[in-house]
Amino acid sequence: GLLDPKSLDACSAVNSHWEFLVRQVQEDKECRSTVQKNLLQLQELCPRKTIPNYAKRVDVQIPQLNEEGEVVEVKDKEQNKRRKSKTEDLGLHAAYQELKTHKIELEERNVFCGSYKTRVLMEQSDRRRRIHYRGGDLAVTASANRNVRLLRVPGGKEAPLLLQGHAGPIRALCLSEDKGLLLSTSFDLSIRYWDIPSGACVRTFTGHCGTITCLHCHEEHFVSGAGDGVVKVWSLKSGKCLRTLMHNSPVWAVRMDGTYVVSGCRRGLVKVWSAETGALIKTLERHRGPVLCLSFDQWHLVTGSSDGYALGWSMLGKLRKCLMAFFHPKEVLSLEFLYLRVISGCADGHIRIFNFLTGTCLRVLEPTGARDPLSSLCVAGNRMVTNSPSRVVLLQFEDVVWDYSLPADREAVKDKKSRRGKRQGASAEQRRAQEARDKSPGPRQPSKSRGRPKTPNVALFLDAGGEAEQGPAPPAPEEAEAALQPELPRRDPSCPMSPDRFLLAISTLQNSRKLAPVSSSTELSAKAREAQQHRPGKVPMSKTPLQHEEEQAAQLQRARLHSHSLTTTKISTPFETKMLRLRLQNSLHGPTVKSSIPAPCVVRPKFCGSLQERKTPSGPGKDTPGPKDGDQLIDLCTASSELIQPTPGTAAQTRNEAPRGIKPSCPRGSRRDSGFRLLTAEQEAREAAAAAQPQARQAQPTEEEERARRKAWLRKIKGLPVDSFTGERKTPAPELGHNTFI
């Protein structure tokens, strides 16, 4: 599993056993890559909100070095203690478990995580375009036309200065506006030093034997990498080559500062050199593809490759261990590393910002909607310039006032248990407050509720106990229960309904159905109007809590006395599952097709007389109302059997003889198709033979049907319309069976 694809191909040619092992390794790699891609997509679809102004000074572990620059390993006892104490740590500190470390204070910021504006600097399709930007008001672009152009930032207007002189397409650029210089390379194996104010070529650097692919400038020196596997360090003042560093394959990425020179090659190797002496400090081997970009500071290094990974390393000493890995769905084409944040440009057209300490993806940006590969990514201040084959885009981020008092770089996830506990605590407090208000003396005010409370989900048959006299329309049961609500405390949904509350609610519903005579209601209303006219200044007094309790107790007592009039009936109907009889010749359920789709079935009542049984009297002298004249009892068995293959007998005859639009019914007391039929062996054999005859006749189409089917199939093959046979906008599919339409 540690071999590259070329070595795996060589191993697979040894013998069949090695070929099998190579195939297993490749399948494991593909499975792992698929899982990582899916995980990254899920994290990007539902990320935790990043705090854009987060900043903090954190303690970061770095390895301890001996006099020779080697790392110092931890002894066995200390190593066991660290393993026990850091079993849950999966960040940067987990990489140092086996090494001695000490801490330094570094600053981290959530750079480029706020809001931004997009500005298109150049909209022109060009896959060979190169750009560079290091802050200021100018950005430089070049392409295969051998011309170097300057763009105004943020306007995007092209400067009148045009730099010409290269003999081939330009491959790399390096701009330093504060020094007024520009470096450019081409296929002509030369490096040109331009003076920006005048546009003149000040100096030409030669010495590479291959195409120069990358450049980077630092103070009075710059470094170049070429396809001949050579890295050269140059002096801007003298124009001489100061150092020559060697790779065994073409160099595609290079950077330098005052202490180190770091370069990456096509073989996936990353080499760290001393900028003063040119000595090789260490070689880093973990990438499985060409190293395309890199960025580093005094303490850490980040490299990006075509294998989809951006790897984090330590710049100290000779430590070659990979500290962090940041997965991307495609090639990593550009990188920047600042304030412990990794800003990467991917071939899928997205910019991702990772936390170097934890490895989490903080934000995903998409500068262009076309999802073109981001071949270049330049950051300076609060600006970010990206280059894709279709356009050059500027991302202008808003100014941020950094807050060093925030606890984390992202918003904390609210625990479901804590939220549930808070809701339960709040509901308990509300109940206690309601009980305190009920016990407090003084007039009680009805609580204001936003909506009408839900009625209990209970099926009841109410007997009013007499005929109601004629009068006005009765109040709705909902209104009657709502009138009772102010007198009773609100019930918590998690608590069951008490028997007293249940009886009070039912008695209120019953009383609402008992109507008073019209004369009494009119007399009471007339008396009330007269009393109001004689005493206009007096307002009716509200009932005291004691009166409410007495009235409620009396109402509860009346409800208990008349509780015998409440009757509850429980109805249960057995059901059966009937499997459909299918023609499995061209079906997904056939024996030749491996399908996980369950076979269709029909769930129907088992007894067709169940609707009549519950209408029978429950005892002598207690006749419950049965079906009235004109009502029709529907046989559920017969109604649902229309979906099932018809069988010979009374059921098929009844369904065929019934007029269209009228459901067949079963007579009262019928026990047909209810499972109580007793058949002899001869009767069962005769019924089975009769049931098989219609299926045999249906399975063998006549010669005319076969001829029509063949004709429709030939018309369909020739592309002629065949939907004229039906007027329902259906297309016949004779290849799927007789009378089959789509």
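What share of the contacts in the chain with a separation of 6 or more comes from residues 24 or more positions apart? The share is 53%. The legends below describe close-up views of a predicted model.

**Figure 1. Overview of the chain in the predicted model.** The chain has 742 residues, of which 35% count as buried. Its secondary structure consists of 13 helices and 34 strands. About 46,400 Å² of the chain is exposed, and carbon and sulfur atoms supply 51% of that area.

**Figure 2. The largest nonpolar core and the surroundings of Phe356.** This core has 26 residues. Leu92, Leu340, Val342 and Phe356 are the members with the most contacts inside it. Strand E1 (55-63), strand E2 (101-109), strand E23 (324-327) and strand E24 (332-338) each contribute at least two residues to this core. Phe356 is in contact with Leu92, Leu340 and Val342, and also with His300, Val302, Gly312, Trp313, Met324, Phe326 and Phe337, leaving aside neighbours within four places in sequence. A second core, separate from this one, has 15 residues, among them Ile351, Leu362, Val393 and Phe397. In soluble globular proteins, nonpolar side chains tend to be buried together.

**Figure 3. The salt bridge between Arg341 and Glu108.** The closest N and O atoms of the two residues are 3.1 Å apart. Arg341 belongs to strand E25 (residues 341-346) and Glu108 to strand E2, so this pair ties together parts of the chain that are 233 residues apart in sequence. Arg341 and Glu108 are both buried. The count of salt bridges in the structure is nine.

**Figure 4. The salt bridge between Glu123 and Arg391.** Here the closest N and O atoms are 3.7 Å apart. Glu123 sits in strand E3 (residues 116-123) and Arg391 in strand E30 (residues 391-397), and the pair links distant parts of the chain, 268 residues apart. Glu123 is exposed, with a relative accessible area of 59%. Arg391 is partly exposed, at 24%.

**Figure 5. Further salt bridges.** Glu366 pairs with Arg371, and their closest N and O atoms are 3.4 Å apart. The relative accessible area of Glu366 is 32%, which means that Glu366 is partly exposed. For Arg371 the value is 53%, so Arg371 counts as exposed. Elsewhere, a network of salt bridges links Arg57, Glu107 and Arg109. Side chains of opposite charge can pair when their charged atoms come close.

**Figure 6. Cysteine residues and the search for disulfides.** The search covers the whole structure and finds zero disulfides. A disulfide would require two cysteine sulfur atoms within 2.5 Å. The closest cysteine sulfur to that of Cys113 is in Cys361, at 9.2 Å, and this is too far for a bond. Cys113 is buried, with a relative accessible area of 7%. Cys214 is also buried, with a relative accessible area of 7%.

**Figure 7. The surroundings of Thr141.** Thr141 is part of strand E5 (residues 138-142). With a relative accessible area of 4%, Thr141 is buried. Not counting residues up to four places away in sequence, Thr141 touches Met122, Arg130, Ile131, Asn147, Val148, Arg149, Leu151 and Leu173.

**Figure 8. A nonpolar patch on the surface.** The patch is formed by Val14, Trp18, Phe20 and Leu21, which together have about 370 Å² of accessible area. Val14 lies in the loop between helix H1 (5-12) and helix H2 (16-45). The relative accessibility of Val14 is 49%, so this residue counts as partly exposed.

**Figure 9. Backbone geometry in three loops.** Val153 and Pro154 are joined by a cis peptide bond, with omega about 10 degrees. Pro154 is in the loop between strand E6 (147-152) and strand E7 (158-164). Leu189 is not a glycine, yet has a positive phi of about 65 degrees. The loop that holds Leu189 runs between strand E9 (181-186) and strand E10 (190-195). Leu189 is partly exposed, with a relative accessible area of 29%. Glu219, also a residue other than glycine, has a positive phi near 50 degrees. Glu219 is placed in the loop between strand E12 (212-218) and strand E13 (221-226). At 54% relative accessibility, Glu219 is exposed.

Definitions and conventions:
Residues numbered from 1 in each chain as written. Predicted model: local features only at pLDDT ≥ 70, side-chain atom pairs only at ≥ 80, totals over all residues. Heavy atoms only, no water. Buried < 20%, exposed > 50% of the residue type's maximum accessible area, 1.4 Å probe, protein only. Core = buried A, V, L, I, M, F, W, Y, C linked by side-chain atoms within 4.5 Å. Helix = DSSP H or I, 4+ residues; strand = E, 2+ residues; numbered from the N terminus. Contact = heavy atoms within 4.5 Å. Patch = residues over 30% accessible without salt bridge, like charges linked within 9 Å, V, L, I, M, F, W, Y side chains within 5 Å. Areas by Shrake-Rupley, 256 points an atom, 1.4 Å probe, with all protein chains shown as cover. Salt bridge = Lys/Arg side-chain N within 4 Å of Asp/Glu carboxyl O.
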